[in-house]
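Open the model in a viewer and keep the sequence panel beside it. The stops below each give a selection and then what is found there.

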Amino acid sequence: MKATLSGAKLGSVIVSSSLTAAIIGLSSSSAFAAQFITIKTTGTLSGTIELPRNNPNFNNSITRIDTDDTGTYYRNLGTKNNPNYVPVYKSDYFQVGTRSDGSLHYFVDFKGIPFVSFDGVLTSPILTGGELTPFVYQGQLPGTTFQGVVQDEFNFIKAFYTGTVTDPDTKKQYQGTFEINGYGERYSNRNGGLTPTVFDFQSDIPGSPTITSLTLTNIPLVNLNIKVPIPVNETSIPEPASILGTLIAAAFGTILKRKRLTDE
């Protein structure tokens with residue numbers, strides 16, 4: 001009898017622990033999980049970009065640009081079939097290399113330019129009713145409205161927009177603060193001159209660049225990625241009441257079964 005009663009008590013303890021664990025598990029995991037979608041669009045950017053005051057150095061990333069034998073780079077403003085090459089930049093620091101076939105090629109190496117802005121303005125057809133929200137760059141520069149780097153293209157690395165985003169495909173609107181990144185045209189594209197490049201900063205190596213800031217006025221960003229958080233209902237998780245009812249029924253079933261065995 002004692003053994004049977006002890007067994008019944010032990011069964012109750014196990015069921016109680018299971019119920020507690022189930023309840024704790026439900027309370028610690030929300031029925032909603034944050035997921036993200038990325039909405040792609042275009043836009044324009046304005047504001048002054050400058051080297052970060054906490055690290056005012058041109059970075060170690062290198063952009064190599066092919067030139068002619070005078071160190072001049074040309075951009076094709078025409079088409080592939082009807083080219084119209086115009087000089088864009090001439091460097092005194094061009095180098096000569098040898099290709100695998102023995103022919104010579106000329107190039108210039110440029111340092112990349114990290115930048116921040118404290119007065120940035122971003123516009124886009126799908127962004128409304130808001131503005132860029134300042135953040136702290138590398139934990140040291142509060143008030144930063146966007147950051148980026150100029151390499152072979154203008155890289156808009158990070159910004160936060162508080163307002164409304166409209167998905168152009170579904171027309172659904174989202175309100176809140178959204179992280180954004182993107183880029184401008186490459187230097188070699190026809191419209192490459194509309195966004196800052198290493199040419200604008202004159203960062204050819206081993207020269208000593210003196211340009212540390214530029215003012216942007218509605219420069220085009222050919223790609224913008226807007227990260228939108230989406231709450232998704234995890235319907236695969238049973239309702240707490242359903243779990244609780246199932247566990248209680250199983251517990252009482254076990255106790256009653258053991259009681260019948262004891263009575264017999």
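In which loop is the place of Pro134? Select Pro134: the residue sits in the loop between β9 (127-132) and β10 (135-137). Strands here are DSSP runs of E with at least two residues, helices are runs of H or I with at least four, and both are numbered from the N terminus.

Before moving on, note that the model is predicted, that local features need pLDDT of at least 70, that side-chain atom pairs count only at pLDDT 80 or more, and that totals for chains, interfaces and linings use all residues. Residues are numbered from 1 along each chain as its sequence is written, and side-chain values use heavy atoms, with hydrogens and water left out.

**Pro134 and Ala159**

Stay on Pro134, which counts as exposed because its relative accessibility is 52%. The classes are buried for under 20% relative accessible area, exposed for over 50%, and partly exposed in between (1.4 Å probe, protein chains only). Add Ala159 to the selection: the C-alpha atoms of Pro134 and Ala159 are separated by 8.0 Å, with their positions 25 residues apart along the chain.

**The hairpin of β13 and β14**

Next select residues 153-166, strand β13, and residues 173-186, strand β14; the two run antiparallel and are joined by 11 bridges. Strands are taken to pair if DSSP finds at least two bridges between them. Glu153 has Arg186 in β14 as its bridge partner. The hairpin has six residues between the strands, and Lys171 takes a positive phi near 65° there.

Show the side chain of Arg186 together with that of Asp152: they meet in a salt bridge at 3.1 Å, N to O. This pair links distant parts of the chain, with Arg186 in strand β14 and Asp152 in the loop between β12 (146-150) and β13, 34 residues apart. A salt bridge is counted when a side-chain nitrogen of Lys or Arg is within 4 Å of a carboxyl oxygen of Asp or Glu. Arg186 is partly exposed at a relative accessible area of 29%, and Asp152 is partly exposed at 26%.

**The other salt bridges**

The structure holds three salt bridges. Select Glu50 and Arg53, whose side chains meet in one of them at 3.6 Å, N to O. Glu50 counts as partly exposed at 22% relative accessibility, whereas Arg53 counts as exposed at 56%.

Then select Arg64 and Asp109, where the side chains meet at 2.8 Å, N to O. Arg64 lies in strand β2 and Asp109 in strand β6, so this salt bridge ties together parts that are 45 residues apart in sequence. Are Arg64 and Asp109 buried or partly exposed? Arg64 counts as partly exposed at 48% relative accessibility, while Asp109 is buried with a relative accessible area of 9%.

**The sheet of β2, β6 and β5**

Widen the selection to three strands, which form an open sheet in the order β2-β6-β5 with antiparallel pairing. β2 (62-67) and β5 stand at the edges with a single partner strand each, so one side of each is left without a neighbour in the sheet. The twist averages 40° from one strand to the next, taken between axes that are lines fitted to C-alpha atoms, with angles running from 0 to 180 degrees between N-to-C directions. Six bridges join β2 to strand β6 (residues 104-111). For Ile62, the bridge partner in β6 is Lys111.

**The aromatic cluster**

Now show the rings of Tyr73, Tyr89, Phe110, Tyr187 and Phe199, which form one aromatic cluster. Rings of Phe, Tyr and Trp (its six-membered ring) pair if their centres lie within 6.5 Å; planes under 30 degrees apart count as stacked, over 60 as edge-to-face and the rest as tilted. A search of the whole structure finds 11 aromatic pairs. One of them is Tyr89 with Phe199, stacked at 5.1 Å centre to centre with 25° between the planes. Tyr89 is in strand β4 and Phe199 in helix α2 (residues 198-201), 110 residues apart. Both Tyr89 and Phe199 are buried. The ring centres of Phe110 and Phe199 are 5.5 Å apart and the planes stand at 80°, so this pair is edge-to-face. Phe110 is in strand β6, 89 residues from Phe199, and is also buried.
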